[in-house]
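Subject: Structure for you to look at

Hello,

Here is the structure I said I would pass on. Please open it beside this email and follow along.

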Amino acid sequence: MAGMGSDTFNLFCEYLDLPGLHKKTFLKNADRFYAKYEATRKQIFSRAVAIARAENAREANIELTDDTILDICVSYDGTWMKRGYTSKIGIGCVIDVVTGFVLDAELLSTYCHTCETTGAWIKSNVPVAGRYEAWYNQHKSDCCVNFVGTSGHMEVAAAELLWARSIDDHRLRYTTMLSDGDAKAFTAAQKLELYPMAKEECVNHVAKRLGTSLRNLVTNCSKRNIQLGGRGTGRLTRETMDKLQTYYDRAIRKSNTVEEMKAAIMATVNHCYSTDETPRHDFCPEGPDSWCFFKAAEAKGKAPGRHATNMKTKLDYKLLNEHLQPIYDRLSDDELLSRCLRHATQNANESLHSVIWSKCSKTKFASAKKVRFSMLLAIAEYNHGPQGSSVLKNLFGEPSGVSATRLSQRRTSRRLAASRQYESDKITHRRAARKMALKRRQRELEELEGGPSYSAGAF
Ligand SMILES: [Zn+2]
Ligand SMILES: [Zn+2]
């Protein structure tokens with residue numbers, strides 16, 4: 001249950017001078033857990049769904065009965081056991097945006113250890129006709145393979161399964177899907193024609209799109225012998241591109257309507273184009289507390305200082321405007337921005353993924369059964385903290401003793417403290433500054449080594 005295999009478990013016992021378990025006994029015990037997957041799944045998700053239903057109904061001012069079918073906004077994302085496109089195991093998770101609870105998850109696997117070992121052996125060593133088929137029929141109900149296709153398609157296939165059972169299992173309609181730029185999962189769920197659906201964007205992913213577009217622009221222009229980057233004031237260096245991405249991100253997060261967002265985005269770039277001769281602060285926020293030195297001075301009735309000394313990021317209008325305008329037009333499109341109005345992110349999904357894979361190492365081999373179970377454990381802990389693991393212990397008849405409660409409570413309070421810190425604004429700013437400093441250091445090192453070692457546009 002702690003994400004250990006039999007070898008690690010016995011090593012652990014060895015250090016503590018405990019008796020340990022024979023591999024067969026260990027696996028038998030593990031199978032006892034895996035057999036209760038369905039019951040466990042129902043118990044874990046029904047608790048989360050009950051809370052999410054109550055909260056969502058309260059927010060929408062709907063009187064809730066057991067039969068009420070609620071429309072909610074969920075964040076959907078996939079995660080893979082292995083990076084790249086070779087993973088044999090993939091997971092799709094649905095998280096309620098209002099409460100942050102994981103409502104459902106599905107694991108897809110293209111690999112079965114028994115098929116690859118016993119099955120393959122019978123196929124090639126027992127030439128009796130029908131022998132393999134007979135073996136497979138017996139094994140079928142226990143087989144780990146539940147998906148045939150590429151690992152990239154797993155996220156899409158999992159979405160289809162999860163959406164298809166949303167009403168029957170949870171009396172919920174996931175009518176709004178928050179996801180990253182890639183709309184494949186959304187399109188697939190929509191094609192099921194279960195109910196009308198809308199898509200919303202993760203602000204982090206949208207902001208990253210600006211960074212990627214800028215980096216691609218510099219690369220493409222340099223192929224045509226137009227140098228936008230390089231040394232000199234007002235040029236599009238990698239540091240400037242990072243800053244523009246941060247400004248764009250902030251412009252979206254701090255605005256509450258599409259119009260506000262548009263103005264704030266235009267301000268970020270026009271402010272940087274400004275010079276003493278041609279100030280372009282029309283979109284910058286008014287008032288003495290404005291981040292724009294020009295508007296702040298104006299509001300205080302003072303003369304603004306020189307642009308050269310007051311501007312943190314400078315852009316050369318003549319050189320850049322014709323190239324940047326199309327990018328900014330595309331990324332301040334009404335429809336795109338209207339999908340960002342909730343300022344939602346997929347941070348919850350990302351943090352859930354890390355809990356899942358902490359219980360099940362990405363680098364060591366693990367069977368689909370083990371990963372599927374680890375996924376449930378991770379979700380129980382993610383949703384309910386120490387109570388989550390006690391649900392499981394009761395289910396398996398394990399005593400929930402004083403030490404177990406104390407240890408799991410300590411673990412959860414550490415995690416909660418960490419996530420609270422993560423959310424605090426000050427920390428976010430400090431983290432952004434640290435990230436910038438790290439990136440700067442990286443660039444300095446790269447320049448010393450003679451250029452970046454990875455392609456621009458990758459992140
Ligand atoms: Zn199999
Ligand atoms: Zn300004």
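Below are the main findings, starting with how to read them.

This is a predicted model, in which local features need pLDDT of at least 70 and side-chain atom pairs count only at pLDDT 80 or more, while totals for chains, interfaces and linings use all residues. Residues are numbered from 1 along each chain as its sequence is written, chains are lettered from A and ligands numbered from 1 in the order in which they are written, and side-chain values use heavy atoms, with hydrogens and water left out.

The protein has 20 helices and 5 strands (DSSP runs, H or I of at least four residues for helices and E of at least two for strands, numbered from the N terminus). Of its 459 residues, 42% are buried (under 20% relative accessible area, with a 1.4 Å probe and protein chains only).

The zinc ion (ligand 1) has as its protein donors Cys-112 (SG), Cys-115 (SG), His-139 (NE2) and Cys-143 (SG), at 2.0 to 2.3 Å (donors are N, O and S atoms within 2.8 Å of the metal, or 3.2 Å for Na, K and Ca; water is not among the atoms, so sites may look incomplete). Their spacing in sequence is C-x2-C-x23-H-x3-C. The arrangement is tetrahedral because the 4 donor atoms subtend angles of 104 to 116 degrees (for four donors, all angles must lie between 85 and 135 degrees). Cys-112 is buried, at 2% relative accessibility, and Cys-115 is buried at 17%.

Regards

Key. Four donors count as tetrahedral if all angles lie between 85 and 135 degrees; four count as square planar and six as octahedral if opposite donors are over 155 degrees apart and all others between 65 and 115; anything else is irregular. Buried means under 20% relative accessible area, exposed over 50%, partly exposed in between (1.4 Å probe, protein chains only).
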